[in-house]
Amino acid sequence: MVELRDVCKSFPHPSPKPGQDPIFRALDHVSLEIQGGEFLTLLGPSGCGKTTALRMISGLDTPTAGQVFINGTDVTGLPPYRRNVNQVFQSYALFPHLTVSDNIEFGLEMQKVEASERKRRMLEALDLVSLPGLESRKPDQLSGGQRQRVALARALVCRPNVLLLDEPLSALDAKLRQNMQIELKNLQTKLGITFVFVTHDQEEALVMSDRIALMNRGKIEQLGTVDDLYYKPKTQFVASFIGETNLFLCPVASRNQEFVTLKLGGVHDLRLPASAVESRTKEVLISIRPEKIQLQHKPFSGHNHFTVMVEEEIFKGPSDALILQFHPDASTPLTRQVRMQSLVPNFGTDQQVIHRGDKVYAKIHPDDVVVVEEKTD
Ligand SMILES: Nc1ncnc2c1ncn2[C@@H]1O[C@H](COP(=O)(O)OP(=O)(O)O)[C@@H](O)[C@H]1O
Ligand SMILES: [Mg+2]
């Protein structure tokens, strides 16, 4: 439905330093195919190029290099009104002097849709965003959430093939925002319109998206489903941006046909199947999610278990985060001390099983160790 093919967008650097490239690449060879009816999120830190990518699709801006396709047609040189896409902005951009109904009907009027048909579609759109009865109000007589819905109705009333949404929920308070996330996702499923949604909030992206394109410095770091990005991050940036995790850079200590042994923190043996790490690899970056670390008071049997001290206990409602320090034995130099975070269900005040200051046993299952990056020298 939408394709960016090797798209670049450069600007003159705002304050180039001597010797620095005077050209700044807001988009650096971005390629992306978005399916019809898909909810795709462009996610990434502020300044990574999300809005710029959206402007390439809407036609509000043109690429320095590369092409944009919508529905198989090359639209790279076409103005916004010939693309059948519509956009909802962070600031809503409603006309303050027009009523809700006039705001919503504005685009239809531009398209010379006849008055009774305009009214019918305006009412239908208001119904869709759960705002019936407010058509004669002005924007300043509405709450933030209601304004957001009007902006959405205004975009939907033109029946675009593709709806572009640039951080549309960021001005709403947390509770309303969570409700709107679910509503918006339901609406998208119901209408079957392709949504390209921009956010810097990874939780929001996880809740709503069919797929996420995680961006960093003008490039797509990884494109995949929510599960792909969470469980199979391909770079350190992805592993640390999506959710909480423990990252360790471990030298490869030894390997045989069956197993490869890593040195966690340079000291503690962690054994993985040989197939997990390529034979030439000298060092690996691994990610272990906090909720995957098993803890108990009794020793574990087998491999990959460690004695740890609970250094901190952080209440997080349904779960407790525990900061664990690998119990140093006499031979461990202080500089080699290793910490990791685990997440355990919160059993309530009476039944808390593991406390701050406890010495407990931790086990890490090889399947829960994600090899993120491998270094050969
Ligand atoms: N018109 C412009 N002129 C110069 N630099 C720009 C322009 N538009 C965006 N940029 C720069 O491009 C980068 C990406 O911007 P943007 O796409 O708005 O990021 P995001 O939406 O991810 O926060 C930023 O560093 C921004 O300063
Ligand atoms: Mg932006």
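How far is an oxygen atom of ligand 1 from an N or O atom in the side chain of Thr51?

## Surroundings of ligand 1

In this predicted model, the separation between an oxygen atom of ligand 1 and an N or O atom in the side chain of Thr51 is 2.8 Å. The residues on either side of Thr51 in the numbering also take part: an N or O atom in the side chain of Lys50 is 2.9 Å from an oxygen atom of the ligand, while for Thr52 a polar side-chain atom lies 2.6 Å from an oxygen atom of ligand 1.

These three residues belong to a longer list of surrounding residues, which runs through Pro45, Ser46, Gly47, Cys48, Gly49, Lys50, Thr51 and Thr52 and also includes Phe11, Phe24 and Ala26.

## Helices H2 and H3

Two packed helices are described by the angle between their axes and the distance between the axes. For helix H2, which spans residues 100-110, and helix H3, which spans residues 115-128, the axes come within 9 Å and cross at roughly 120 degrees. Because angles of 65 to 115 degrees count as roughly perpendicular and those over 145 as roughly antiparallel, H2 is oblique to H3. The crossing of these two helices is right-handed.

On the H2 side, the contact is made by Val100, Ser101, Ile104, Glu105, Leu108 and Glu109, and these meet Arg118, Lys119, Arg121, Met122, Ala125 and Leu126 of H3. By class, the residues of this contact comprise six nonpolar, one polar and five charged.

## Helices H2 and H4

Helix H2 also packs against H4, with the two axes 7 Å apart and at an angle of about 30 degrees. That angle makes H2 roughly parallel to H4, and the crossing of the pair is right-handed.

From H2, the residues Val100, Asn103 and Ile104 meet Val150, Ala153 and Arg154 in H4. The residues in this contact divide into four nonpolar, one polar and one charged. Val100 and Ile104 of H2 are thus listed in the contact with H3 as well as in the contact with H4.

## Helices H4 and H5

Helix H4, made up of residues 144-156, is in turn paired with helix H5, made up of residues 174-191, and their axes come within 12 Å and cross at roughly 15 degrees. H4 and H5 are therefore roughly parallel to each other, and the handedness of their crossing is right-handed.

The contact draws on Gly145, Gln148, Arg149, Leu152 and Leu156 of H4, together with Leu176, Met180, Glu183, Leu184, Leu187 and Leu191 of H5. Sorted by class, the residues of this contact are seven nonpolar, two polar and two charged.

## The loop containing Asn346

Asn346 is placed in the loop between strand E18, residues 339-345, and strand E19, residues 359-363. A polar atom of the Asn346 side chain lies 3.0 Å from the backbone oxygen of Gly317, and a polar contact of 3.5 Å joins the side chain of Asn346 to that of Asp320.

Methods
Residues numbered from 1 in each chain as written. Chains lettered and ligands numbered in written order. Predicted model: local features only at pLDDT ≥ 70, side-chain atom pairs only at ≥ 80, totals over all residues. Heavy atoms only, no water. Axes fitted to C-alpha atoms, helices over the stretch in contact; angles between N-to-C directions. Helix = DSSP H or I, 4+ residues; strand = E, 2+ residues; numbered from the N terminus. Parallel < 35°, antiparallel > 145°, perpendicular 65-115°, else oblique. Left-handed = near helix turned anticlockwise from the far one by under 90°. Contact = heavy atoms within 4.5 Å. Nonpolar A, V, L, I, M, F, W, Y, C, P; charged D, E, K, R; others polar. Near = heavy atom within 4 Å. Polar contact = N/O pair within 3.5 Å; in protein donor to acceptor, adjacent residues only side chain to side chain.
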